[in-house]
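Reader: I am new to reading structures and would like a close look at one part. Please take me through how helices pack against each other here.

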Amino acid sequence: MMDYLDPVPALDSPELVSLFDEAPLWSARFGALLLDHLELRPSITLLDVGSGAGFPLFELAHAHGPSTQVIGLDPWGAALRRAAFKRQMYGSNAVLLVGDGEAMPLPAASVDLVVSNLGINNFARPEAVLAECRRILRPDGRLALTTNLQGHMREFYGVFRDVLMRLGKPDDLDRLAAHEAHRGTAISQATGVEAAGFQVTRLIEDSFVWRFADGSALLRHFMIRLGFLDGWRGVVDPERERDLFAALEAQLNAQSRDQSGLRLTIPMLYLEAQPC
Ligand SMILES: C[S@@+](CC[C@H](N)C(=O)[O-])C[C@H]1O[C@@H](n2cnc3c(N)ncnc32)[C@H](O)[C@@H]1O
């Protein structure tokens, strides 16, 4: 079948433009790390756990080609509805499952490759999701994860700590330390994967710098408000929240003036493992 010779929708089609515009830059950096290192093999069954609105699920489907069956699994119904729209536009045979990675609606030993881009830090019980990955993978299967690590935005957290030392309470500092530690290190992620019955075969660390003009830009950035701000708010006493965030924004802005903007380091991990 020469379906690739069929015309793509016209460039002025709103549906085509909505595909062109699909992945947040935040997800894209980790997806690029995954695609840099993952060995692409044809004719496999591939599951993306925490596939959200379809990234990198569809990119993986395109990269593997039509001989591969891709499956996306996520409990987020609205995101899967968006992914279903993309599936229709791409003419893809991807299977989209609304469900929890802790109880995958898939038979044992039925999948060749499980990927998860930015999933592991977002799962309430990562150990339960990893146990399910182990169950559904074939004996010669592979697991490939990307995640951010401890040290994430260390420049921001340094300023946050200063502000809490000046104006906060000792409990705020304890909560901040616990919040920073929850991300784990390359070693702790590998240990968690091995505890679920895998042998880690590749651990690749990388990083990028996320830049903002100043603290006011950072605190209003859409991805920050969607993905990070609630965690930061959870660190401070709600009654003092407004004062502490005003001081944090002012200190970030002062630092940005001195350093020509904010540069936040984002350490990334690519982890690959096999059942053992
Ligand atoms: C940070 S988002 C990453 C989404 C996408 N992979 C990307 O790269 O943009 C984390 C995803 O994990 C999903 N998630 C959270 N808990 C989950 C679980 N228990 N099982 C499967 N997916 C889960 C969320 O709904 C969300 O779509």
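Author: The crossing of H5 and H8 is right-handed. Keep in mind that this is a predicted model. H5 covers residues 126–136 and H8 covers residues 186–195. Their axes lie 9 Å apart and make an angle of about 50°. Angles of 65 to 115 degrees count as roughly perpendicular and those under 35 as roughly parallel, and H5 and H8 are therefore oblique to each other. On the H5 side, the residues in contact are Pro 126, Glu 127 and Leu 130. They meet Gly 192, Val 193 and Ala 195 of H8. Sorted by class, this contact of H5 with H8 has 4 nonpolar residues, 1 polar and 1 charged.

A second pair is formed by H6, residues 154–167, and H7, residues 170–181. Here the axes are 10 Å apart, and the angle is about 165°. Angles over 145 degrees count as roughly antiparallel, so H6 and H7 are roughly antiparallel to each other. The crossing of H6 and H7 is left-handed. H6 brings Tyr 157, Phe 160, Arg 161, Leu 164 and Met 165 to the contact. From H7 come Asp 172, Leu 173, Leu 176 and Glu 180. By class, the contact of H6 with H7 counts 6 nonpolar and 3 charged residues, with no polar ones.

To put the two side by side: H5 and H8 are oblique with a right-handed crossing, whereas H6 and H7 are roughly antiparallel with a left-handed crossing.

Methods. Residues are numbered from 1 along each chain as its sequence is written. This is a predicted model: local features need pLDDT of at least 70, side-chain atom pairs count only at pLDDT 80 or more; totals for chains, interfaces and linings use all residues. Axes are lines fitted to C-alpha atoms, for helices over the stretch in contact, and angles run from 0 to 180 degrees between N-to-C directions. Helices (H or I, at least four residues) and strands (E, at least two) are DSSP runs, numbered from the N terminus. A crossing is left-handed if the near helix is turned anticlockwise from the far one by less than a right angle, and right-handed if clockwise. Two residues are in contact if their C-beta atoms, placed from the backbone, lie within 7 Å. Ala, Val, Leu, Ile, Met, Phe, Trp, Tyr, Cys and Pro count as nonpolar, Asp, Glu, Lys and Arg as charged, and the others, Gly among them, as polar.
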